[in-house]
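Work through the exercises below with the sequence and the coordinates at hand, and try each task before reading its solution.

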Amino acid sequence: MDFIRLEPIYQERVWGGRGLENRLGRKLPPNSVIGESWDVVDRPEAQSKVAEGEHAGLTLRALLERQCEAVMGPGYDKSRPFPILVKWLDCRERLSLQVHPPAKLASALGGEPKTENWYIAESDPGSGLLVGLKEGVTRQQFKAALKDNSAEALVNRILVRPGDSMFVYSGRIHAIDAGNLILEIQQNSDTTYRVYDWGRVGLDGKPRQLHVEESLRSIDWSDSAPQLIRREDGEQTLVESDVFRLRKIPLDLSHPLEIKRGEQPRILSVVEGALVEKTSGREVRRSSNILLPYDGAFTFQPMDVMATVLLTEDFA
């Protein structure tokens with residue numbers, strides 16, 4: 001089975017812009033503020049569609065129902081949603097201060113757990129991430145700070161550079177600064193509790209909904225030492241979790257990426273350069289997120305001298 005390219009679904013966000021067009025070369029809907037591109041998604045409210053080939057036009061859900069074993073491997077329940085959601089985020093303004101509910105509470109709160117990783121593809125000088133509480137901050141202190149608009153001072157702010165990576169598990173309070181272009185690889189969920197939004201209004205001109213009580217119940221109050229993974233030369237394991245594994249892999253002409261048939265499904269994300277698949281000759285450009293099915297064997301090599309990919313695996 002050949003690799004699967006999917007059509008992006010663009011989402012308007014008050015904090016977005018036109019960076020996916022200007023920086024990544026995407027063709028965006030006109031006269032809109034685009035904050036997110038959902039590149040791989042299998043949810044009731046949003047379905048990726050196969051962009052080309054014999055399955056062109058099928059939703060990811062329909063593809064799994066028809067070709068589940070070929071895509072996901074034997075034993076995968078075809079009624080189970082694809083477990084990973086992949087997004088590009090264009091953060092022209094700072095996102096809300098927010099949290100995703102941990103698995104033990106999500107159902108009781110009417111939501112879904114959402115563990116994710118941010119890969120910083122591009123970042124303006126001085127941009128950062130707000131992640132985790134400062135040492136010793138209590139629920140009572142934080143709740144009081146929300147009332148007097150001083151909550152930002154209680155959250156860690158970490159400066160970032162392109163190539164850095166941050167793991168955000170369910171329960172970790174977080175926000176993304178303006179000026180970041182991020183590839184987000186996450187658990188299949190769309191539950192976000194906003195606890196503070198900097199006094200901002202939404203695209204409709206009204207204050208955006210906050211979820212203060214849900215957030216206070218979800219926040220991990222012991223999370224005070226977030227670790228940013230700085231970019232290094234060579235291969236790096238960015239995430240090793242019970243939700244997925246994520247590796248950064250640099251490629252050159254003498255070191256292509258070889259994927260064997262019958263191992264597992266994977267997602268390949270091109271974050272630098274461009275690739276060509278040796279057998280088919282199909283090109284995979286920067287910003288692409290493609291699905292490598294279980295029943296497929298591939299050899300990817302850079303179209304130029306070098307390229308860098310992220311490989312998401314161990315999710316099925």
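The exercises that follow concern pockets, a sheet, salt bridges and two backbone angles.

The model is predicted, so local features need pLDDT of at least 70 and side-chain atom pairs count only at pLDDT 80 or more, whereas totals for chains, interfaces and linings use all residues. Residues are numbered from 1 along each chain as its sequence is written, and side-chain values use heavy atoms, with hydrogens and water left out.

**Exercise 1. Describe the largest pocket by its volume, its lining and the classes of its residues.**

Solution. Begin with the definition: on a 1 Å grid over the protein atoms alone, a pocket is an open set of points where a 1.4 Å probe fits, with protein on both sides within 12 Å along at least five of seven lines, and a lining residue has an atom within 4 Å of a point. A volume is the space filled by probe spheres set on the points, which are joined across faces, edges and corners.

Step 1: the volume of the largest pocket is about 520 Å³. Its lining has 28 residues, and those closest to the centre are Arg13, Glu36, Thr192, Arg194 and Arg208.

Step 2: assign the lining to elements, where helices (H or I, at least four residues) and strands (E, at least two) are DSSP runs numbered from the N terminus. At least two lining residues come from each of β2 (9–17), β7 (84–91), β9 (116–123) and β13 (174–176).

Step 3: sort the lining by class, with Ala, Val, Leu, Ile, Met, Phe, Trp, Tyr, Cys and Pro as nonpolar, Asp, Glu, Lys and Arg as charged, and the others, Gly among them, as polar. The result is nine nonpolar, eight polar and 11 charged residues.

**Exercise 2. Which elements give two or more residues to the lining of the second largest pocket?**

Solution. Step 1: the second largest pocket holds about 230 Å³ of space, and its lining includes Arg5, Leu6, Arg26, Asp39, Glu283 and Asn289.

Step 2: the elements that give two or more residues to this lining are β1 (4–7) and β22 (289–292). By class, the lining has three nonpolar, three polar and six charged residues.

**Exercise 3. Give the strand order of the open sheet of six strands, and find its edges.**

Solution. Step 1: two strands pair if DSSP finds at least two bridges between them. The order is β2-β3-β7-β14-β9-β12, and the pairing is antiparallel.

Step 2: β2 and β12 (165–168) each pair on one side only, and these are the edge strands. On average, and with direction ignored, neighbouring strands of this sheet are turned by 25 degrees against each other; the axes are lines fitted to C-alpha atoms, and angles run from 0 to 180 degrees between N-to-C directions.

Step 3: within the sheet, β7 and β14 (residues 180–187) run antiparallel and are joined by eight bridges. Leu85 stands opposite Gln186 in β14.

**Exercise 4. Locate the partners of the salt bridges of Glu52, Glu272 and Glu263.**

Solution. Step 1: side chains of opposite charge can pair when their charged atoms come close. A salt bridge is counted when a side-chain nitrogen of Lys or Arg is within 4 Å of a carboxyl oxygen of Asp or Glu, and by this rule there are 37 salt bridges.

Step 2: Glu52 meets Arg5 at 2.8 Å, N to O. Glu52 lies in the loop between β6 (49–50) and α2 (60–72) and Arg5 in strand β1, so this pair ties together parts that are 47 residues apart in sequence.

Step 3: Glu272 pairs with Arg231, with the closest N and O atoms 2.4 Å apart. Glu272 belongs to strand β19 (residues 266–272) and Arg231 to the loop between α5 (212–218) and β16 (236–240), so parts 41 residues apart in sequence are tied together.

Step 4: Glu263 pairs with Arg266, the closest N and O atoms being 3.1 Å apart. With buried meaning under 20% relative accessible area, exposed over 50% and partly exposed in between (1.4 Å probe, protein chains only), Arg266 is buried at 8%, whereas Glu263 is partly exposed at 42%. Both residues belong to a network of salt bridges that also links Glu235, Glu240, Arg245, Arg247 and Glu313.

**Exercise 5. Where do Trp198 and Asp314 lie?**

Solution. Step 1: Trp198 lies in the loop between β15 (193–196) and α5, and its phi is near 60 degrees, a positive value in a residue other than glycine.

Step 2: Asp314 lies in the segment after β24 (306–313), and phi of Asp314 is likewise near 60 degrees.
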